[in-house]
Amino acid sequence: MEKRVVKHNGATIPFILHRKKVKNINIRIRPDTTVVVSAGGQVPYEKIEHVVIEKAAWIIHHVGRFEEARAVSGKREFIAGEIIEYLGRRYPLQVVRVENGEEVIFDGGEFRFYIKDEADYSLKEALFKNWSKKQAVLVFNCSLDRIYPLVTGDDIEKPSLTIRTMKTRWGSCTPHKRKITLNAELLKTPPACIDYVVLHELTHFRHRRHDAAFYSYLAGRMPDWKDRRAILKQYNLY
């Protein structure tokens with residue numbers, strides 16, 4: 001089998017070309033959104049490419065339907081072709097079989113799972129959780145370092161940061177313990193949204209309730225906070 005890519009009208013369609021004994025050129029889309037094209041060994045690649053381009057709209061439509069079904073279920077499967085949201089963007093996942101050195105790698109363009117047994121969901125889930133935890137610590141602390149200077153002149157001590165999964169809120173705070181807690185799921189949202197949540201929680205160190213004074217303080221330090229909150233609302237928790 002060969003990995004191929006066709007570009008048409010600004011869209012990129014990756015597919016797997018499977019040469020076998022068939023009379024026609026057949027296109028199949030797996031539930032993991034992988035596009036598989038089957039064709040006879042003597043069929044010129046130019047003809048196969050032409051058929052894929054002819055079917056481009058159909059392919060894109062059905063790939064989108066599978067992606068929507070995944071989004072509704074909310075459960076990651078960790079299979080090739082799955083889309084993972086990270087810092088406001090969507091990246092494809094590739095699974096690579098290895099004998100040793102099982103790990104998750106993000107190279108800026110895609111996620112790659114290096115794993116011995118591709119069917120071992122539990123291990124893939126554990127590897128991803130470990131990777132996500134490390135990234136969350138790095139990303140969220142960078143956000144706190146970025147946002148804290150906005151409130152340094154207001155007698156707010158820099159808080160400690162904890163990370164956990166929460167089902168109903170993106171963040172919380174405990175002012176008397178100088179602690180902010182951020183939802184691990186924030187890692188899938190844009191950095192601007194993470195910064196908004198951090199400042200929102202820091203604002204509670206001055207104003208406990210969501211009253212006019214709270215929002216006035218917030219707006220004075222982040223004038224576009226409503227835009228950021230609107231983007232954040234597009235992301236579902238559970």
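How many helices and strands does the secondary structure of the chain come to? Here are some notes on that and on how the pieces fit together.

1. The answer to the opening question is six helices and eleven strands. The radius of gyration of the chain is 23 Å, well over the 18 Å that the globule rule gives for 238 residues, so the chain is more spread out than a compact globule. Please keep in mind that this is a predicted model. If you are setting up a box of your own, the C-alpha atoms fill one of roughly 75 × 40 × 25 Å along the principal axes.

2. Let me start with the sheet that holds S1. Four strands make up this open sheet, in the order S1-S2-S4-S3, and their pairing is mixed. At its edges are S1 (2–8) and S3 (26–29), each of which pairs on one side only. On average, neighbouring strands here are turned by 35° against each other, with direction ignored.

3. Within that sheet, the pairing of S1 with S2 (residues 11–19) is easy to follow in your viewer. The two strands run antiparallel and are joined by seven bridges. For one residue to click on, try Arg-4, whose bridge partner in S2 is Phe-15.

4. Next comes the sheet with S9, S10 and S11. It is an open sheet of three strands in the order S9-S11-S10, again with mixed pairing. S9 (160–164) and S10 (171–174) stand at the edges with a single partner strand each, so one side of each has no neighbour in the sheet. The average turn between neighbouring strands of this sheet is 20°, direction ignored.

5. S10 and S11 (residues 179–183) run antiparallel, with four bridges between them. Among the residues involved, Cys-173 has Ile-180 in S11 as its bridge partner. Helix H3 (residues 121–147) packs on this sheet by touching S9 and S11, and the direction of H3 makes about 140° with that of S9. H4 also comes into play: this helix lies across S10 and S11, and runs at about 150° to S11.

6. H4 deserves a closer look for its helix partners too. Two packed helices are described by the angle between their axes and the distance between the axes. For H4 (residues 191–203) and H6 (residues 225–232), the axes come within 9 Å and cross at roughly 115°. The two helices are therefore roughly perpendicular to each other, and H4 passes H6 in a left-handed crossing.

7. Which residues of H4 meet H6? On the H4 side they are Ala-192, Cys-193, Asp-195, Tyr-196 and Val-197, and they meet Trp-225, Arg-228, Arg-229, Ile-231 and Leu-232 in H6. By type, the residues of this contact divide into seven nonpolar, no polar and three charged.

8. The other pairing to inspect is H4 with H5 (residues 212–221), where the axes come within 10 Å and cross at roughly 135°. H4 and H5 are therefore oblique to each other, and the crossing in which H4 passes H5 is right-handed. Here Tyr-196, Leu-199, His-200 and Thr-203 in H4 meet Phe-214, Tyr-217, Leu-218 and Arg-221 in H5. Five nonpolar, two polar and one charged residue make up the contact of H4 with H5. Tyr-196 is a nice one to display, as it is listed in the contact with H6 and in the contact with H5.

Methods. Residues are numbered from 1 along each chain as its sequence is written. This is a predicted model: local features need pLDDT of at least 70, side-chain atom pairs count only at pLDDT 80 or more; totals for chains, interfaces and linings use all residues. Side-chain values use heavy atoms; hydrogens and water are left out. Axes are lines fitted to C-alpha atoms, for helices over the stretch in contact, and angles run from 0 to 180 degrees between N-to-C directions. Angles under 35 degrees count as roughly parallel, over 145 as roughly antiparallel, 65 to 115 as roughly perpendicular and the rest as oblique. A crossing is left-handed if the near helix is turned anticlockwise from the far one by less than a right angle, and right-handed if clockwise. Contact means heavy atoms within 4.5 Å. Ala, Val, Leu, Ile, Met, Phe, Trp, Tyr, Cys and Pro count as nonpolar, Asp, Glu, Lys and Arg as charged, and the others, Gly among them, as polar. Two strands pair if DSSP finds at least two bridges between them. The radius of gyration is taken over C-alpha atoms; the globule rule is 2.2 Å times the number of residues to the power 0.38.
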